[in-house]
Amino acid sequence: MSAGVTGAVGGLLWGAQAFMRGARGRAGLRSRAARIAGVPVAESRWTAEALRRRAAARPERVCLVAGALLAAAGQSVLPLVAGCAAVPVVRRRLAARAAARARERRAEAVRELCGALAQEVRSGRQPVAALLHAVGEARGLGGAEAGVTAAARFGGEVAGALREASGEPGAEGLSGLAACWEVAVDRGAGLAAGVERLAAALRAERDQAADLAAQLAGARSTVLMLAALPLLGLALGWAMGADPLRVLLHTPAGLACLLLGAVLEACGLWWALGIVRRAGVPR
């Protein structure tokens, strides 16, 4: 069984790598032919960059490969089942990380927008023209950019568009910009001064979050290191000539210890990471 599962996994990996190499080669030929013909290829689903992104976007496949290898080494189907069960968990984790990165990019774009708008107004531009230029300078606003640009360019309600765009994750600072815009338009107050104070407040909030994350980085590393200690114990047992996988996967006492250890490990990680979350740092 061990040799059969290992051979099957190796064959699948070799086949996947051969397919990706062939697809990248075909994508390169198509890209060169399209460039010669003057056809844009940025949206092609078979470009080398698209293939690279798709390969990097699915590291949860490692769970299946690791489960298959452990199943072959321990001659048990339980590691493969655990690897399959870990796929949705890893997928949700990766989706949460991607959402957090997108939120941070959008927040940084809002800070850039406020800073550029204040500079443009200080230089003498009209507020609408300054806003259009600042939106063009700030990259990463996502769907908020189209609504704000349309409202400013075609005489719409700019403050309403900014407030609506502030509902996207990371763009909460646009609600403050909407308030500054309303005050400047309705009461004739200085727009630049208000936007500068808003930009300073957003930068201070970013610096505070970065400082808190730096302070808790050591604690998070310690939690992850302690969570990996059971794997180190298995490796040491194997190096000393024992067969921990056989004990854990083929004896009643080992299965009970494996189940109890997995439950305690999950509870410990949940509790420790909960402390970090309550401190204000996302997982």
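## Salt bridge between Arg122 and Glu196

In this predicted model, Arg122 and Glu196 are joined by a salt bridge whose closest N and O atoms are 3.1 Å apart. The pair links distant parts of the chain: Arg122 belongs to helix H4 and Glu196 to helix H9, with their positions 74 residues apart in the sequence. Arg122 has 53% relative accessibility and counts as exposed, because the cut-off for that class is over 50%. Glu196, with a relative accessible area of 34%, is partly exposed.

## The network around Arg206

A second contact between H4 and H9 involves Glu108 and Arg206. Their side chains form a salt bridge with an N to O distance of 3.5 Å. This pair also links distant parts of the chain, with Glu108 in helix H4 and Arg206 in helix H9 (residues 191-227), 98 residues apart. Glu108 is partly exposed at a relative accessible area of 26%, and Arg206 is partly exposed at 29% relative accessibility.

Arg206 has a salt bridge to Asp207 as well, the closest N and O atoms being 3.4 Å apart. Asp207 counts as partly exposed, at 42% relative accessibility. Through shared partners, salt bridges join Glu104, Glu108, Arg111, Arg206 and Asp207 into one network. The structure as a whole holds 8 salt bridges.

## Helix H4

Helix H4 covers residues 78-122, a run of 45 residues. From its first C-alpha to its last the helix reaches 66 Å, close to the 66 Å expected at 1.5 Å a residue. H4 nevertheless bends by about 30° at Ala86. A proline, Pro88, follows Ala86 within four residues. After the helix comes Gly124, which has a positive phi, near 110°.

H4 holds both Glu108 and Arg122, the H4 partners in the two salt bridges to H9 described above.

## The largest pocket

The largest pocket holds about 1,700 Å³ of space. Its lining is made up of 39 residues, and those nearest its centre are Ala82, Ala86, Leu231, Ala262 and Glu265. Ala86 is also the residue at which H4 bends.

Which helices each supply at least two residues of the lining of the largest pocket? They are helix H3 (61-74), H4, helix H10 (229-239), helix H11 (244-250) and helix H12 (252-278). H4 gives the largest share, 13 residues.

By residue class, the lining of the largest pocket has 30 nonpolar, 3 polar and 6 charged residues. Glu265, one of the residues nearest the centre of the pocket, belongs to the charged class, because Asp, Glu, Lys and Arg are counted there. Ala82, Ala86, Leu231 and Ala262, also nearest the centre, are nonpolar, because Ala and Leu are counted in that class.

## Pairs separated in sequence

Leu198 is in helix H9 and is buried, with a relative accessible area of 14%. That value places Leu198 in the buried class because the cut-off is under 20%. The C-alpha atoms of Leu198 and Cys114 are separated by 7.4 Å, although the two residues are 84 residues apart along the chain.

Val185 sits in helix H8 (residues 173-187). At 54% relative accessibility, Val185 counts as exposed. Val185 and Pro127 are 58 residues apart along the chain, and their C-alpha atoms are separated by 9.2 Å.

Leu70 is part of helix H3, and counts as partly exposed at 42% relative accessibility. Between Leu70 and Gly83 the distance is 9.5 Å, C-alpha to C-alpha, for a separation of 13 residues in sequence.

## Overall make-up

How many helices and how many strands are there in the protein? The count is 12 helices and 0 strands. Read along the sequence, the pattern is α-α-α-α-α-α-α-α-α-α-α-α. The protein has 283 residues, of which 28% are buried; Leu198 is one of the buried residues.

How values were computed: Residues numbered from 1 in each chain as written. Predicted model: local features only at pLDDT ≥ 70, side-chain atom pairs only at ≥ 80, totals over all residues. Heavy atoms only, no water. Expected span 1.5 Å × (residues − 1). Bend = angle between axes of the 7 residues up to and from the residue. 1 Å grid on protein atoms, 1.4 Å probe; cavity = no way out; pocket = protein on both sides within 12 Å on 5 of 7 lines; lining within 4 Å. Points joined across faces, edges and corners; volume = space filled by probe spheres on them. Salt bridge = Lys/Arg side-chain N within 4 Å of Asp/Glu carboxyl O. Buried < 20%, exposed > 50% of the residue type's maximum accessible area, 1.4 Å probe, protein only.
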